[in-house]
Amino acid sequence: MANVNANINNYSFKQISSGSDLSKRRLPYMNIQSKNPGPVLWLTGCMHGDEIGGTVVIQEIFTKLKTGLKKGVVNAFPLMNPFGFETTSRNISLSQEDLNRSFPGKNNGTFAERLSSMIFNLILETKPALVLDLHNDWTKSIPYVLLDSVGIEKNLVEKTDYFAQKTGLIRISDTELITTTLTYNLLKQGIPALTLELGESYTVNEKSIEMGCNVIWNTLNDLGMVDEHFNPFRYNIPEIYMDRILSYSPYPLASLSGIIRFLNQPGDLVKKGQRIAQIHNAFGKRIETIKALENGIILGIADYALSYPGAPIMAFGNIL
Ligand SMILES: [Zn+2]
């Protein structure tokens, strides 16, 4: 019979700094371990202060794991950027730095580098089997899993893609080399790591939370860490978008200033050359038509109606 007290829960804090009023600034840390040895999984959330959905997913998962963890250890930093969270901003409000452009960090570096160094070293110490960094994309966006592939050894990309497939989400490969993210630096240490984009930022959408929990549960199940019969989650889209890694693209960008009128929504499948948005001037005259550059899927659309030369309009997962 399952012993409901078998798992040891530890919620605590890691000290970051002191406030000017001598208050303590701390990094919340969650840990749950089964008495049975097994893999170590890390979940990290709210790297960007306006992306709070991942934090809630972590809270829900830990509630389920109290009685549901069969083996191994799950660790989490549910709120890595409390400074940004408190000001509803992506960056660390004190230094205006992007925490996910500061890894692996330096303990005598900038504020973000000190915080990222602490996070990075605490994760490395535990020798994790997998790290899932939970993010939220544009306000109007669909969920997807992002794989670092540029600059990463092929074997490790394949190993990481195995985990990406198990999430049940569409897989998107980053096309730009960014060497300062958490996932890139973990991969450079040989640790599989994925970025999960779990729908909209700023708010908590219960549907996205449920889906995020299902994605994590797929992974826990694959690692043999939970013992529950369930239908694995799979994002509902034609197989052609699931059986391959799609290529991330923010192109085309707008060329003119005006008001964006979207002709498509996140999740729509588009064909190369298809009209996807129009730019209108102040009198309502159409001054630009934006067309898809490739066959693919729309991952998200811009939060703002404002267009200007070089403005991002949509993000795509392209079939190349
Ligand atoms: Zn983010």
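This is a short dialogue on reading a predicted model of a protein chain with a zinc ion.

User: What should I know before reading the numbers?

Analyst: The model is predicted, so local features need pLDDT of at least 70 and side-chain atom pairs count only at pLDDT 80 or more, while totals for chains, interfaces and linings use all residues. Residues are numbered from 1 along each chain as its sequence is written, and side-chain values use heavy atoms, with hydrogens and water left out.

User: How many helices and strands are in the protein chain?

Analyst: Helices (H or I, at least four residues) and strands (E, at least two) are DSSP runs, numbered from the N terminus. The protein chain has 6 helices and 17 strands.

User: What radius of gyration does the protein chain have?

Analyst: The radius of gyration is taken over C-alpha atoms, and the globule rule is 2.2 Å times the number of residues to the power 0.38. For 320 residues, a compact globule would come out near 20 Å; the chain has 20 Å, which agrees. Buried means under 20% relative accessible area, exposed over 50%, and partly exposed in between (1.4 Å probe, protein chains only). Of the 320 residues, 54% are buried.

User: Which atoms are the protein donors of the zinc ion?

Analyst: Donors are N, O and S atoms within 2.8 Å of the metal (3.2 Å for Na, K and Ca); water is not among the atoms, so sites may look incomplete. Here the protein donors are ND1 of His48, two OE entries of Glu51, and ND1 of His135, at 2.1 to 2.5 Å from the zinc ion. His48 lies in the loop between strand 3 and helix 1 and His135 in strand 5, so the pair ties together parts that are 87 residues apart in sequence. His48 is buried at 3% relative accessible area, and His135 is buried at 2%.

User: Is the site of the zinc ion regular or irregular?

Analyst: Four donors count as tetrahedral if all angles lie between 85 and 135 degrees; four count as square planar and six as octahedral if opposite donors are over 155 degrees apart and all others between 65 and 115; anything else is irregular. The angles among the 4 donor atoms are 56 to 151°, and the site is irregular.

User: What span should helix 6 have?

Analyst: The expected span of a helix is 1.5 Å times one less than its number of residues. Helix 6 (residues 206–222) has 17 residues and should span 24 Å; its end C-alpha atoms are 24 Å apart, which agrees. The buried residues of helix 6 include Met211, Val215, Ile216 and Trp217. Contact means heavy atoms within 4.5 Å. Among the elements that cover these buried residues are helix 1 (53–68), strand 5 (130–137) and helix 4 (154–167).

User: Which residue takes a positive phi just after helix 6?

Analyst: Gly224 does, at about 70°. Most residues other than glycine have a negative phi, and most peptide bonds are trans. Thr88 has a positive phi of about 50° although it is not a glycine; Thr88 is in the loop between helix 2 and helix 3. Tyr202, also not a glycine, has a positive phi of about 70° and is found in the loop between strand 9 and helix 6.

User: Where is a cis peptide bond?

Analyst: One joins Phe103 and Pro104, with omega about 5°. Another runs from Tyr251 to Pro252, with omega near 5°. Pro252 is in the loop between strand 10 (246–249) and strand 11 (258–262).
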